[in-house]
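Visitor: I am new to this structure. Could you walk me through it?

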Amino acid sequence: MTVSIRQIHPVFVGEVTGIDCSKPLSSGDVAAIEAGMDHHAVLIFPDQPLTDQQQIDFTRHFGELEGYQTGGHIRKKEDSRLAPELADFSNLDKSGNIMSDQDRVWFFKLGDRLWHSDSSFRPIPAKYSLLSGRVLPSWGANTEFADMRAAYDALDDRTRREVEDLVCEHSLRFSREAIGFTDLTPEERTAFRPVRQRLVRTHPVTGRKSLFLSSHAGTILGWTIPEARMFLRDLTEFATQQRFVHAHAWRVNDLVIWDNRTTMHRARRFDRNEVRDVRRTTLGGDVATIEQAA
Ligand code: MN
């Protein structure tokens with residue numbers, strides 16, 4: 001089999017065929033997928049039934065898993081259905097029942113419906129996220145992606161100059177405040193201490209610049225908060241115009257990989273009385289954005 005990638009959106013997103021993600025990959029396959037990620041930023045692999053272990057093994061072809069034992073993860077380890085290498089993005093509790101609409105984990109999950117980049121609230125944010133669709137509801141639950149390279153390219157000259165050297169602070173606190181969920185424990189407040197991220201990133205391989213936006217961003221260094229929030233809101237609105245966005249409608253056993261360095265994404269509504277079981281592995285990034293020149 002030969003890896004083949006077909007672009008399915010005018011500016012990004014490829015669909016990948018000619019590969020079995022449950023099997024060990026050749027170095028040529030790994031290189032083809034990495035090149036595909038560099039070019040398309042989001043890759044969709046249809047019809048890839050995976051066990052959790054196969055998903056973990058596939059992910060490790062592309063780097064080191066992000067450590068889940070660090071602060072910022074809401075489900076406590078003892079409450080998790082899944083191995084520590086996987087993040088549970090289902091609406092199920094530990095016993096496999098649909099979680100209550102009063103569950104604090106559910107409140108945190110609702111925040112994923114804001115545009116964001118995974119782990120932008122960590123000092124070294126995530127590289128790729130890999131999401132496997134195991135059980136899907138009958139309606140809704142799309143994942144939408146926005147290309148932050150195309151958005152950067154489309155900025156007017158003045159705005160592009162203005163954002164070039166800006167540094168933001170990101171925290172889970174800011175994104176949860178945005179949906180009115182402010183009932184955090186003292187431990188969470190400590191764990192969610194804001195981290196600094198450049199607003200403009202440069203991709204280490206392609207050299208393309210992109211906007212590093214996320215609903216976790218809540219301040220811009222040297223700016224007042226109202227001014228910063230309004231500017232970030234304006235930029236996010238600009239960057240998530242339809243021309244930069246792809247909506248992925250899930251089919252069972254889709255595996256979707258996105259590059260958090262160059263895209264934002266958001267979850268969409270579904271009927272919470274139906275099961276949605278999607279499982280994520282995440283590759284850690286390798287450098288803090290503030291140590292990178294734009
Ligand atoms: Mn996410």
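Visitor: Which helices and strands each supply at least two residues of the lining of the second largest pocket?
Guide: This is a predicted model. Two helices and a strand pass the mark of at least two lining residues. They are α6 (172-177), α8 (225-239) and β14 (263-267).

Visitor: Which element gives the most to that lining, the lining of the second largest pocket?
Guide: The lining has 18 residues. Six of them come from one element. That element is α8.

Visitor: Which residues are the closest to the centre of the second largest pocket?
Guide: The pocket has a volume of about 480 Å³. Of the 18 residues that line it, five are named as closest to its centre. They are Ala178, Ser215, Ala217, Arg229 and Arg233.

Visitor: How do the residues of that lining divide into nonpolar, polar and charged?
Guide: Arginine counts as charged and alanine as nonpolar. Both kinds are found among the residues closest to the centre, including Arg229 and Ala178. The full lining of the second largest pocket divides into eight nonpolar, four polar and six charged.

Visitor: Now the rings. What kind of aromatic pair do Phe45 and Phe58 form?
Guide: The structure holds ten aromatic pairs. In this one, the centres of Phe45 and Phe58 are 5.9 Å apart, with 80° between the planes. Planes over 60 degrees apart count as edge-to-face. So the pair of Phe45 and Phe58 is edge-to-face.

Visitor: How many residues apart are Phe45 and Phe58?
Guide: Phe45 is in strand β3 (residues 42-45), and Phe58 is in helix α2 (residues 52-60). Phe45 and Phe58 are both buried. The pair links distant parts of the chain, 13 residues apart.

Visitor: Which residues do ring pairs link into a cluster with Phe45?
Guide: Phe58 is one of them, as the pair with Phe45 shows. The cluster also takes in a further Phe and a Tyr. Linked with Phe45 are Phe58, Phe62 and Tyr128.

Visitor: Stacked, edge-to-face or tilted: what is the pair of Phe145 and Trp258?
Guide: Phe145 is in strand β6 (residues 143-147), Trp258 in strand β13 (residues 255-259), 113 residues apart. Both Phe145 and Trp258 are buried. Their ring centres are 5.2 Å apart and their planes are at 55°, so the pair is tilted.

Visitor: Over which ring does the charged end of Arg272 sit?
Guide: Arg160 has its charged end over the ring of Tyr152, 5.8 Å from the centre. For Arg272, the distance to the ring centre is 4.5 Å. The ring under Arg272 belongs to Trp106.

Visitor: Is Val13 buried or exposed?
Guide: Val13 lies in the loop between β1 (4-7) and β2 (14-17). Its phi is near 70°, a positive value in a residue other than glycine. The relative accessible area of Val13 is 0%, so Val13 is buried.

Visitor: And Asp47, buried or exposed?
Guide: Asp47 sits in the loop between β3 and α2. Phi of Asp47 is positive too, near 55°. With a relative accessible area of 60%, Asp47 is exposed.

Visitor: Last, the whole chain. What is its radius of gyration?
Guide: The chain has eight helices and 15 strands. Its C-alpha atoms fill a box of roughly 50 × 45 × 30 Å along the principal axes. The globule rule gives 19 Å for 294 residues, and the chain is close to that, so it is as compact as a globular protein of that length. The radius of gyration is 18 Å.

Key. Residues numbered from 1 in each chain as written. Predicted model: local features only at pLDDT ≥ 70, side-chain atom pairs only at ≥ 80, totals over all residues. Heavy atoms only, no water. Phe/Tyr/Trp six-rings, centres within 6.5 Å; stacked < 30°, edge-to-face > 60°. Helix = DSSP H or I, 4+ residues; strand = E, 2+ residues; numbered from the N terminus. Buried < 20%, exposed > 50% of the residue type's maximum accessible area, 1.4 Å probe, protein only. Lys NZ or Arg CZ within 6 Å of the ring centre and 35° of its normal. 1 Å grid on protein atoms, 1.4 Å probe; cavity = no way out; pocket = protein on both sides within 12 Å on 5 of 7 lines; lining within 4 Å. Points joined across faces, edges and corners; volume = space filled by probe spheres on them. Rg over C-alpha atoms; globule rule 2.2 N^0.38 Å.
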